[in-house]
Amino acid sequence: MHKKLANSHSPSKPYAASPVVPVRELHAGHRAEILHHLLILNEEDRRLRFGTQTPDEVIHHYVEGLDFNKDTVFGSFNSQLSLVGMAHLAYLPKTKGQPQAAEFGVSVLPDGRGQGIGTALLARASVHSRNARIETLFVHCLTNNRAMMHLAQKAGMKVEYAYGDADAYLKLPPANPGTIVEEAANEQWADFDYALKENLKRSNDAWSWFLGKPIIRPT
Ligand SMILES: CC(C)(COP(=O)(O)OP(=O)(O)OC[C@H]1O[C@@H](n2cnc3c(N)ncnc32)[C@H](O)[C@@H]1OP(=O)(O)O)[C@@H](O)C(=O)NCCC(=O)NCCS
C-alpha cells in the first residue's frame, strides 16, 4: 500500500516526450566534434540537412561560423562519446511586430537513427525555445524528407509545402515553471549521463592498454 502510494507520487522523469535519450547543450569547445559529425554525413544526408549540396568546405565554414552566444546547439553522445546527433537552434532576427522565431536543423548519424534521438533533440529544442520566449519554431525541409516530415508532424508541427520544399512550424505556448524545471532536470541528467560514459570509457581504455587488446562489453 505504502509502496503503491510512494510510486504514484514519484517525480515525473525528464524527457516525457522521449524517455531515454540524454541531450546536452554544446559549447565552442565541441566545435571539433560537431565538424566530425557533419563531415561523416553522406552527400544525400547533407542535402537533406542543409537543403542543398554541401561540400566539405561549406561544412568547415558553417562550423567555424557557429556563434554559441547567439544560437543554441544540442548534442547526443553515444557510449563512445561520439556525437551521434546534433541540432542547431538558430534564432531568427527580430522583426518589429512579429513574434520571436527560431529555426531548427538536425542530423543523426545513420547508426543512431530510429532510436528516438531526433525526437529527443526536437523535444529539447522546443522546451528551450519556450524558455527563451521563442513563439514559433521552424523547420525547413525537402518534401521527400520523409523521416523529418514524420518527426515534425509527430511533434504537432503544421507543414506548408512550396515547390518541393516544406516549411514546418510549431506555435509554442509560453514558458511556465514546469518547462523551466524540465529543462534544468534534462541538462543535469544529460551531464550525469555524459560523466558516467566518460568514466566507463576511461576504464575501458585503461584496461585495453593494460591487457593489450580491446575491451568489449556485452550490451
Ligand atoms: C531526420 C533525422 C534527424 C531523424 O533522426 P532519428 O534519430 O532517426 O529520429 P527518431 O528515431 O527520433 O524518429 C524517426 C521517426 O521517423 C520515422 N521514419 C524514419 N524513416 C522514415 C521514412 N522514410 N518515412 C516515414 N517515416 C520514417 C521513424 O519510424 C521514426 O518514427 P517513430 O518515432 O514514430 O517510430 C535523421 O534521419 C537524419 O539525420 N536525416 C538526415 C538529415 C536530415 O534530414 N535533417 C532534417 C532536416 S533539418
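**Walking the chain from Arg133**

Visitor: Where does Arg133 sit, and what is notable about its phi?

Guide: Arg133 comes just after helix 5 and takes a positive phi of about 65°. Helices here are DSSP runs of H or I with at least four residues, strands are E runs of at least two, and both are numbered from the N terminus. This is a predicted model: local features need pLDDT of at least 70, side-chain atom pairs count only at pLDDT 80 or more, and totals for chains, interfaces and linings use all residues. Residue numbers start from 1 along each chain as its sequence is written.

Visitor: What makes Ile117 count as buried?

Guide: The cut-off is 20 or more other C-beta atoms within 10 Å of a residue's own; 12 or fewer makes it exposed, anything in between partly exposed, with C-beta atoms placed from the backbone. Ile117 has 26 within 10 Å, so it is buried. You'll find Ile117 in helix 5.

Visitor: Which residues is Ile117 in contact with, leaving aside neighbours within four places in sequence?

Guide: Val21, Ser76, Val84, Gly85, Val108 and Gly112. Contact means that the C-beta atoms, placed from the backbone, lie within 7 Å.

Visitor: Why is helix 5 called largely enclosed?

Guide: Because 13 of its 15 residues are buried, the rest of the structure largely encloses helix 5. For the chain, buried residues make up 27% of the 219 residues.

Visitor: How do you know what span is expected for helix 5?

Guide: Take 1.5 Å times one less than the number of residues. For the 15 residues of helix 5 that gives 21 Å, and helix 5 reaches 21 Å from first C-alpha to last, close to expectation. Helix 7 (residues 177–211) has 35 residues and reaches 51 Å, close to the 51 Å expected.

Visitor: What do the buried residues of helix 7 pack against?

Guide: Strand 1 (24–26) and helix 5. Glu182, Asn186 and Ala190 are buried in helix 7. After helix 7 comes Gly212, with a positive phi near 75°.

Visitor: What makes strands 4 and 5 a pair?

Guide: Pairing takes at least two bridges found by DSSP. Strand 4 and strand 5 have three, so they qualify under that rule, and they run parallel. Phe138 in strand 5 is the bridge partner of Glu103.

Visitor: Why is the crossover from strand 4 through helix 5 to strand 5 given a hand?

Guide: With the strands pointing away from you, a path from the first strand over the helix to the second that runs clockwise is called right-handed. This β-α-β crossover is right-handed.

Visitor: How many bridges join strand 5 to strand 7?

Guide: Seven, and these strands run antiparallel. One bridge pairs His140 with Asp167 in strand 7.

Visitor: Which side chains of strand 5 point to the buried face?

Guide: Leu137, Val139 and Cys141 point to one face and are buried, while Thr136, Phe138, His140 and Leu142 point to the other and are not. In a regular strand, side chains alternate between the two faces of the sheet.

Visitor: What makes a residue part of the shell around the ligand, and which are the closest?

Guide: A residue is near a molecule if its C-beta atom, placed from the backbone, lies within 6 Å of it. The ligand is surrounded by 23 residues, the closest being Leu48, Arg113, Gly118, Thr119 and Arg146. Elements giving two or more residues to the shell include helix 5 and helix 6 (146–154). Helix 6 gives the most, with six residues.

How values were computed
Two residues are in contact if their C-beta atoms, placed from the backbone, lie within 7 Å.
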